Amino acid sequence: MDRTDRQSPLVSPQEALDFHASGRPGKLEINPTKPMATQRDLSLAYSPGVAVPVKAIAEDPSRAFDYTTRGNLVAVISNGTAILGLGNLGALASKPVMEGKAVLFKRFADVDSIDLEVDTEDPEAFVNCVRLLGPSFGGINLEDIKAPECFIIESRLREMMDIPVFHDDQHGTAIIAIAGLINALDLTGRDIKTAKLVCNGAGAAGIACIELAKSIGLRPENVILCDTKGVVYKGRKEGMNQWKSAHAVDTDKRTLAEALEGADIFFGLSAKGALTPAMVKSMAKNPIIFAMANPDPEITPEEVAEIRTDAIMATGRSDYPNQVNNVLGFPYIFRGALDVRATTINDAMKVAAAEALAALARQDVPDDVAAAYRGNRPRYGPDYIIPVPFDPRLISAVPVAVAKAAMDTGVARRPILNLEKYANELSARRDPIASTLQRIHDRVRRQPKRVVFAEGEEEQVMRAAISYVNQKLGTAILLGREEQIRETARNAGVDLARPGIEIINARLSRRNGIYADYLYERLQRKGYLFRDCQRLINNDRNHFAACMLALGDADAVVTGVTRNYSTALADIRRIIDARPGHRVIGVSIALCRGRTVLVADTAVHDMPTSEELADIAEEAAGMARRMGYEPRVAMLAYSTFGHPPGERSAKVQEAVKILDKRRVDFEYDGEMAADVALNPQLMQQYPFCRLSGPANVLVMPAFHSASISTKMLQELGGSTVIGPLLVGLNKPVQIVSLNAKDSDIANMAAIAAYNAGQ
């Protein structure tokens with residue numbers, strides 16, 4: 001229940017439109033996985049080479065999993081009859097949602113996915129369309145199809161097709177809810193065989209929830225289903241269908257209020273306000289209340305807290321504990337099903353997923369998840385019964401459980417013999433950078449910060465400031481002439497009239513004189529007169545912003561849009577010093593095909609000495625640890641372990657010896673070429689190498705090599721490069737590249753704010 005029928009408060013309508021329209025419209029593209037550089041490559045990929053796998057598949061259809069994308073490809077299919085909470089808006093209107101679902105498949109479980117919008121409301125026509133497309137895919141994810149047609153469509157397709165067919169609006173919500181229920185029952189000491197559940201909402205999700213609840217042991221006579229007309233009881237005629245009738249009970253209760261008297265559990269998949277305070281009061285001791293309507297739950301945790309203190313609550317919202325979020329389920333369920341080539345997703349696999357999620361919430365939380373909780377490690381209890389979506393353990397826990405259940409129930413066509421090895425392979429597939437950025441945002445959201453956007457008159461800076469505020473990360477301070485800022489905003493259609501946006505003109509600030517005095521105190525023995533310092537404060541926003549930060553009037557600064565990096569850094573360094581015992585460096589984060597590497601130094605040191613290279617290695621390793629990685633540092637050069645010899649390589653060798661003397665607590669080695677550092681096969685040629693695996697931190701021998709390599713990765717390799725991030729200052733400042741995009745500025749502002757909370 002992670003989706004909403006109204007615009008999220010974290011996103012403005014214009015931001016959403018700009019996001020989808022910028023660059024290539026939409027959210028997906030297709031990239032080849034094989035080289036296409038030579039005539040021979042083309043001959044192998046297409047004619048004549050492609051004829052060989054064609055014949056092999058014709059002889060044995062199962063070989064399609066070996067020679068094509070089928071084994072890792074899911075179709076996300078809708079007819080747009082129930083889009084989010086917006087209703088029937090048609091197949092084409094559902095495309096942004098289906099693209100988004102495909103992105104989540106890739107992001108969380110490395111499952112390739114393509115969206116298909118079928119323009120028909122006829123269940124039979126829909127079924128025939130999907131059935132005939134079946135050979136293209138390894139699985140089918142149905143989405144946003146209204147009830148009761150969704151039941152008919154899924155049931156028919158599961159009968160006809162030999163690949164998993166999964167309607168996520170039903171089963172995704174049910175799996176996450178049941179995971180939470182398992183833990184809530186445990187915490188309240190209830191026996192599942194005697195617990196009484198009332199479910200309000202008889203649509204796809206509601207019926208799926210009670211079906212899965214019964215499959216884990218809730219007795220049918222203890223489960224009451226309600227809809228807008230009251231209790232679904234045996235003999236009721238009005239508003240019934242075969243799916244409701246299957247859960248009708250023999251009872252004299254006729255209303256939701258009557259059904260909830262003495263009930264242990266409430267599942268809400270209905271509408272805001274459906275559960276009243278009086279109903280909550282009437283429930284049993286230690287009630288379990290899952291109010292999962294979105295965007296507003298049937299009752300809020302605050303409303304329940306006013307009535308009783310013994311309730312365990314879950315909602316569909318991310319701003320309350322225990323979010324029932326479908327993204328905890330569908331990517332990992334399909335991952336496990338695809339990896340064993342399952343013919344279906346059966347109840348045992350759904351239960352296995354729910355149990356794996358429940359078990360994960362009972363485990364100790366790792367550091368990178370704790371970071372999202374301001375360093376306060378969440379512990380299994382009433383406010384933590386469901387894992388958070390960015391828990392890195394999900395990828396290695398849920399698919400393994402699903403795959404094992406598929407094998408145990410005989411629906412797996414390719415069993416996995418070593419589940420422990422499989423779990424390790426899954427962990428390597430995850431995209432850590434996106435989760436790191438999300439953890440940063442979550443942390444800042446809990447400790448909002450005042451960030452100065454030094455170049456406040458620039459349009460993209462204004463948009464970044466709005467994004468920062470809309471994401472509830474704190475206050476954005478735009479430096480500049482207010483009249484100029486507002487005129488630019490009007491011309492660009494940017495709305496700055498919102499809480500959280502402040503505009504400060506350096507010349508008119510009451511703190512102007514204080515900042516000038518402070519700057520003069522720092523620079524008076526470096527050739528600066530007082531009037532020089534006053535001029536810098538009046539006219540240079542970097543100096544004004546840095547003084548705001550130094551004197552505690554702001555928590556962080558982001559700059560760099562209008563001047564080159566070295567100039568901006570020099571401005572900042574006049575006011576902000578290095579942390580004692582640390583060296584200021586720049587670290588870029590490069591992400592390519594799910595693999596993350598930190599590259600240093602990409603901003604500060606031109607031709608570092610051996611001593612400086614050793615310092616850079618320590619700073620970069622420390623940053624890697626703060627981001628949740630165990631550093632494996634490669635000291636790069638054009639040579640590898642002495643061949644070919646040269647003066648510059650000798651400098652890197654000396655840096656390694658310095659690290660040896662310092663007895664640092666991370667893996668490092670060098671000098672080595674980049675391919676050896678990153679390729680485990682090449683690394684095996686040097687059995688004496690100290691690195692236990694491919695390097696995730698690359699220390700470059702000089703600034704020019706660092707800058708060239710990261711830019712080439714970005715432009716030719718299709719990598720995402722974040723940074724360079726400034727590391728080592730005693731106050732949080734981040735410098736973006738010239739003419740950076742608003743999204744890049746907003747991310748850097750969040751990173752600066754995150755560092756302010758360290």
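Is K101 buried or exposed? In this predicted model, K101 is buried, with a relative accessible area of 6%. The close-up views below start from this lysine and move on to a sheet, the nonpolar cores and a cavity.

**View 1. K101 sits in helix α5 and has contacts from elsewhere in the sequence.** Helix α5 covers residues 95–109, and K101 is found within that stretch. Setting aside neighbours within four places in sequence, K101 is in contact with V76, N141, E143, D168 and F330. K101 counts as buried because its relative accessible area of 6% falls under the 20% cut-off.

**View 2. Six strands line up in an open sheet.** Follow the strands across and you will meet them in the order β7-β6-β5-β8-β9-β10, with mixed pairing. The two edge strands are β7 (230–231) and β10, each with a single partner strand, so one side of each has no neighbour in the sheet. As a general reminder, strands of a sheet pair through backbone hydrogen bonds, in a parallel or an antiparallel way.

**View 3. Strand β10 pairs with strand β9.** Here β9 (residues 288–291) and β10 run parallel and are joined by four bridges. Look for A291, which stands opposite T315 in β10. Strand β10 itself spans residues 312–315, with I312 and A314 pointing one way and M313 and T315 the other way. What is the burial state of these residues of β10? All are buried.

**View 4. The largest nonpolar core holds 102 residues.** Which of its members touch the most other members? They are I140, L142, I175, L197, F267, M349 and V398. Helix α8 (residues 168–188) supplies the largest share of this core, with nine residues. Zooming in on I140, and not counting residues up to four places away in sequence, you will find that I140 touches A75, I77, V130, M161, I163, P164, V165, F166 and F334.

**View 5. Another core, of 66 residues, lies apart from the largest one.** Its members include V494, I503, V633 and A740.

**View 6. One cavity of 30 Å³ or more is counted in the model.** The largest cavity has a volume of about 30 Å³. Its lining is made by F453, A454, E455, V461, V558, T559, V561, V736 and I745. What kinds of residues make up this lining? Seven are nonpolar, one is polar and one is charged.

Conventions
Residues numbered from 1 in each chain as written. Predicted model: local features only at pLDDT ≥ 70, side-chain atom pairs only at ≥ 80, totals over all residues. Heavy atoms only, no water. 1 Å grid on protein atoms, 1.4 Å probe; cavity = no way out; pocket = protein on both sides within 12 Å on 5 of 7 lines; lining within 4 Å. Points joined across faces, edges and corners; volume = space filled by probe spheres on them. Nonpolar A, V, L, I, M, F, W, Y, C, P; charged D, E, K, R; others polar. Core = buried A, V, L, I, M, F, W, Y, C linked by side-chain atoms within 4.5 Å. Buried < 20%, exposed > 50% of the residue type's maximum accessible area, 1.4 Å probe, protein only. Contact = heavy atoms within 4.5 Å. Pairing = 2+ DSSP bridges.
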